[in-house]
Amino acid sequence: MKQYLDLIRHVKENGILKEDRTGTGTKSVFGYQIRFDLNKGFPMVTTKKLHLKSIIYELLWFLKGDTNIEYLKNNGVKIWDAWANENGDLGPVYGHQWRNWNSEGIDQITEVINTIKTNPDSRRMIVTAWNPSVLPDTSVSFSENVANGKAALPPCHAFFQFYVTEGKLSCQLYQRSADIFLGVPFNIASYALLTMMMAQVCDLEYGDFIHTFGDAHIYSNHSEQIKLQLSREPKALPQMEINPSIKNIFDFTFEDFTLVNYNPHPHIKGAVAV
Ligand SMILES: Nc1nc(=O)c2c([nH]1)NC[C@@H]1CN(c3ccc(C(=O)N[C@@H](CCC(=O)O)C(=O)O)cc3)CN21
Ligand SMILES: O=c1ccn([C@H]2C[C@H](O)[C@@H](COP(=O)(O)O)O2)c(=O)[nH]1
């Protein structure tokens, strides 16, 4: 995961100190891109141990169109707890926009798969979670926004596009805001996995995952953790094995994924900025 360590070094060396919504403070750059050839191993950060279970269940939860944390909780995933209301709702976040955009019945995932299969040269194979009509009012609480039909948080991984060439499927993500220590390792693995799942159900080989960043930041309370990661020697990438019999994107279950040869350095704790 040289690409991830290079991103960290780039922000450490070129980042500007910047205040942020959470009041934590960040070192930030605007605009950066990394690329992973999905045939060269599964892009899981190895300089700290990642909780793959949370990544897989979160992705399956997005694909279900679910926006209540109950499913995540039932599977031991806590990463969205801080933003949900007392009923576990987050408002119309990622899953809602992917499967039922703007509550208009537009299933962007089904539509993009149909286009990949029937018109792979299309330059319009896009899924957008960004929906200006449900952006939260930052002067009120997360739960008040949810009560008003708004999203608790606007999407960070906001917009992605597919591309087919030589029988391979690639995906590029635009992430408007990126927490380099906590969020980004999850986001890389999640979109790499989504690209591989999409390739399998469209009978295509794996291409690249390209990750484009807007505001890429290191929170001030993550600088020791980041330093520790840079001191560690990266390990070889693991491989992700996916049950080859699944041919419908909505049929995948947790048991269909097996990560092999993942030998990371130990986990590093860090507080999440809310
Ligand atoms: N500040 C911030 N950073 C984020 O990455 C983030 C948000 N907020 N808000 C919305 C989602 C939630 N995401 C999160 C939230 C928490 C962890 C986290 O605490 N990770 C720990 C524990 C992992 C686990 O329990 O599975 C980690 O060590 O990776 C990761 C991603 C990504 N997003
Ligand atoms: O998938 C995700 C979701 C969130 N983040 C980070 C990026 C920011 O640090 C916060 C969101 O705060 P905003 O003020 O809305 O930008 O969460 C992430 O890295 N990945």
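## Exercises on a predicted model

With 25 C-beta neighbours inside 10 Å, aspartate 179 counts as buried, where buried means 20 or more other C-beta atoms within 10 Å of the residue's own, exposed means 12 or fewer, and partly exposed lies in between, with C-beta atoms placed from the backbone. This is a predicted model, in which local features need pLDDT of at least 70 and side-chain atom pairs count only at pLDDT 80 or more, while totals for chains, interfaces and linings use all residues. Residues are numbered from 1 along each chain as its sequence is written, and chains are lettered from A and ligands numbered from 1 in the order in which they are written.

**Exercise 1. Place aspartate 179 in the structure and find its contacts.**

Step 1. Aspartate 179 is found in strand 5; helices (H or I, at least four residues) and strands (E, at least two) are DSSP runs, numbered from the N terminus.

Step 2. Leaving aside neighbours within four places in sequence, aspartate 179 is in contact with Val184, His217 and Tyr219, a contact being a pair of C-beta atoms, placed from the backbone, within 7 Å.

Step 3. In an unreviewed UniProt entry, the feature "binding site" lists His51, Asp179 and Ala273; such positions are given in the numbering used here, feature names are shortened, and annotations may be inferred rather than shown by experiment.

Step 4. Histidine 51, which is also listed there, lies in the loop between strand 2 (26-37) and helix 2 (52-64), and it is partly exposed, with 15 other C-beta atoms within 10 Å.

**Exercise 2. Describe the residues around the two ligands.**

Step 1. Around ligand 1 are His51, Ser54, Lys78, Ile79, Trp80, Leu153, Asp179, Leu182, Gly183, Phe186, Val272 and Ala273, where a residue counts as near if its C-beta atom, placed from the backbone, lies within 6 Å.

Step 2. This shell holds 7 nonpolar, 3 polar and 2 charged residues, with Ala, Val, Leu, Ile, Met, Phe, Trp, Tyr, Cys and Pro counted as nonpolar, Asp, Glu, Lys and Arg as charged, and the others, Gly among them, as polar.

Step 3. The residues around ligand 2 include Arg21, Cys156, His157, Asp179 and Asn187, and the elements that give two or more residues to this shell are strand 5 (168-179) and helix 7 (183-201).

Step 4. By class, the shell around ligand 2 divides into 5 nonpolar, 4 polar and 2 charged residues.

**Exercise 3. Is helix 7 largely enclosed or open, and how does its span compare with the expected one?**

Step 1. Of the 19 residues of helix 7, 14 are buried, so the helix is largely enclosed by the rest of the structure.

Step 2. The expected span is 1.5 Å times one less than the number of residues, so helix 7 should span 27 Å, and its end C-alpha atoms are 27 Å apart, which agrees.

Step 3. The largest nonpolar core, a set of buried Ala, Val, Leu, Ile, Met, Phe, Trp, Tyr and Cys residues joined through C-beta atoms within 7 Å, has 70 residues, and Leu169 and Tyr191 are among those that touch the most other members.

Step 4. Helix 7 gives the largest share of this core, 11 residues.

**Exercise 4. Which residue in the loop between strand 4 and strand 5 has a positive phi?**

Step 1. Most residues other than glycine have a negative phi.

Step 2. Glutamate 166, in that loop, has a positive phi of about 50° although it is not a glycine.

Step 3. With 7 C-beta neighbours inside 10 Å, glutamate 166 counts as exposed.

Definitions and conventions:
Contact = placed C-beta atoms within 7 Å.
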